Amino acid sequence: MYDVRFYKGNYSWRQKQANRDRCAAYVEHHFNATSSTKSGYSVVVVGYNCSETSKRWGRWYANQIGKEFKVPVAGKGGILIGGYNGRGNGNLKRTNMPAILLEPLFVSNPQHASWVRSTDGQEKLAKVLADSIIGFFPDGSRIGFSVGHKYKTNRPRDRGAAVHGGGAEADYAEIVMEKTKHILESYDPAKSAPVQDEEKDDKPDNDIRVIKDGKELWLHTEADDDDDIIWDEQNRILHITTR
Ligand SMILES: [Zn+2]
């Protein structure tokens with residue numbers, strides 16, 4: 001009932017192809033990395049313009065990884081809206097369907113890297129991703145997969161970050177996605193009823209923030225979807241009007 005397609009080429013092209021194929025969902029798989037061997041958390045990037053489904057799906061995935069691997073969850077409840085100061089947004093912003101960019105573990109962290117390189121760890125990662133898709137897109141249909149870094153037309157040799165102990169980010173992301181594709185394409189809903197956390201979406205998620213040089217200066221949490229939020233460019237005033 002699932003038909004998983006891998007999209008290749010530059011990121012904008014992949015998204016356009018997924019739109020053309022009317023994918024029900026789109027996933028790009030990465031692993032995180034820093035110069036420190038200590039960093040180690042789970043997070044998901046969603047686009048600035050993403051749907052509530054993307055946010056709920058991303059949070060569920062990031063938190064489930066946190067539980068399975070016992071690692072902290074970063075971002076806002078597990079998600080970074082618009083990526084790291086915009087990085088990651090372009091990988092998702094052209095999609096017409098719910099779309100998430102996964103950064104489940106750090107390949108610069110020796111413990112995380114050993115999970116990523118082990119069959120056990122890869123299967124765990126694949127199961128969490130497959131469960132998230134089955135939970136959020138129970139009607140099946142076509143799912144678009146994108147391996148981060150790999151198969152880009154403009155930089156064909158890019159494989160992302162080096163993995164502690166050997167190998168490259170993109171090659172392991174691809175292994176996990178291939179395993180996920182196998183789980184999804186052999187999935188029989190009659191045989192298994194996955195337990196999906198019914199996350200109540202009653203928490204407002206409309207914070208307005210002022211960020212200068214990456215530092216939060218001001219936070220307003222009481223905005224509602226029905227409020228008018230208007231930036232007066234001429235006078236440089238943000239008007240928040242409750243309706
Ligand atoms: Zn990456």
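Strands β2 and β7 (residues 99–103) run parallel and are joined by four bridges. One pairing within this ladder places H29 opposite L102 of β7, its bridge partner. The model described here is predicted.

**The sheet**

Strands β2 and β7 belong to an open sheet of six strands, in which the order is β1-β8-β2-β7-β3-β4 and the pairing is mixed. The edges are formed by β1 and β4 (79–81); each has a single partner strand, so one side of each lacks a neighbour in the sheet. From one strand to the next, the twist averages 25 degrees. Helix α5 packs on this sheet, where it touches β1, β2 and β8, and its direction makes about 170 degrees with that of β8.

**A residue of strand β2**

A25 is a residue of strand β2. Is A25 buried or exposed? A25 counts as buried because 23 other C-beta atoms lie within 10 Å, the threshold for burial being 20 or more. Beyond its neighbours within four places in sequence, A25 is in contact with M97, P98, I133, F137 and I143. One of these partners, I133, is itself among the buried residues of α4. By contrast, A25 and D207, which are 182 residues apart in sequence, are 26 Å apart in space, C-alpha to C-alpha.

**Helices α4 and α5**

The lengths of the two helices are set out below.

| Helix | Residues in helix | First to last C-alpha | Expected at 1.5 Å a residue |
|---|---|---|---|
| α4 | 18 residues | 26 Å | 26 Å |
| α5 | 17 residues | 24 Å | 24 Å |

For α4, the span is close to the expected value, and the span of α5 (residues 169–185) is likewise close to its own expected value.

The axes of α4 and α5 come within 8 Å and cross at roughly 50 degrees. That angle makes α4 oblique to α5, and the crossing is right-handed. Which residues form the contact between α4 and α5? From α4, the participants are Q122, E123, L125, A126, K127, L129, A130 and I133, and these meet I175, V176, K179, T180, I183 and L184 of α5.

Several of these contact residues are also buried. In α4, the buried set consists of L125, A126, V128, L129, A130, D131, S132, I133 and I134. These buried residues pack against β2, α2 (52–69), β8 and α5. In α5, the buried residues are E169, A170, Y172, A173, E174, I175, V176, M177, T180, K181 and L184. Their cover includes β1 (2–6), β2 (25–29), α3 (110–117), α4 (119–136) and β8 (141–147). Strand β2 and strand β8 thus appear in the surroundings of α4 and in those of α5.

**A residue of helix α2**

Helix α2, against which the buried residues of α4 pack, contains R59. Why is R59 classed as buried? R59 has 22 other C-beta atoms within 10 Å, and is therefore buried. Residues up to four places away in sequence aside, R59 touches G77, G78 and I79. Edge strand β4 covers residues 79–81, and I79 is one of the residues touched by R59. R59 and G40 are separated by 19 residues in sequence and are 17 Å apart in space, C-alpha to C-alpha.

Notes. Residues numbered from 1 in each chain as written. Predicted model: local features only at pLDDT ≥ 70, side-chain atom pairs only at ≥ 80, totals over all residues. Helix = DSSP H or I, 4+ residues; strand = E, 2+ residues; numbered from the N terminus. Expected span 1.5 Å × (residues − 1). Buried ≥ 20, exposed ≤ 12 C-beta atoms within 10 Å, placed from the backbone. Contact = placed C-beta atoms within 7 Å. Pairing = 2+ DSSP bridges. Axes fitted to C-alpha atoms, helices over the stretch in contact; angles between N-to-C directions. Parallel < 35°, antiparallel > 145°, perpendicular 65-115°, else oblique. Left-handed = near helix turned anticlockwise from the far one by under 90°.
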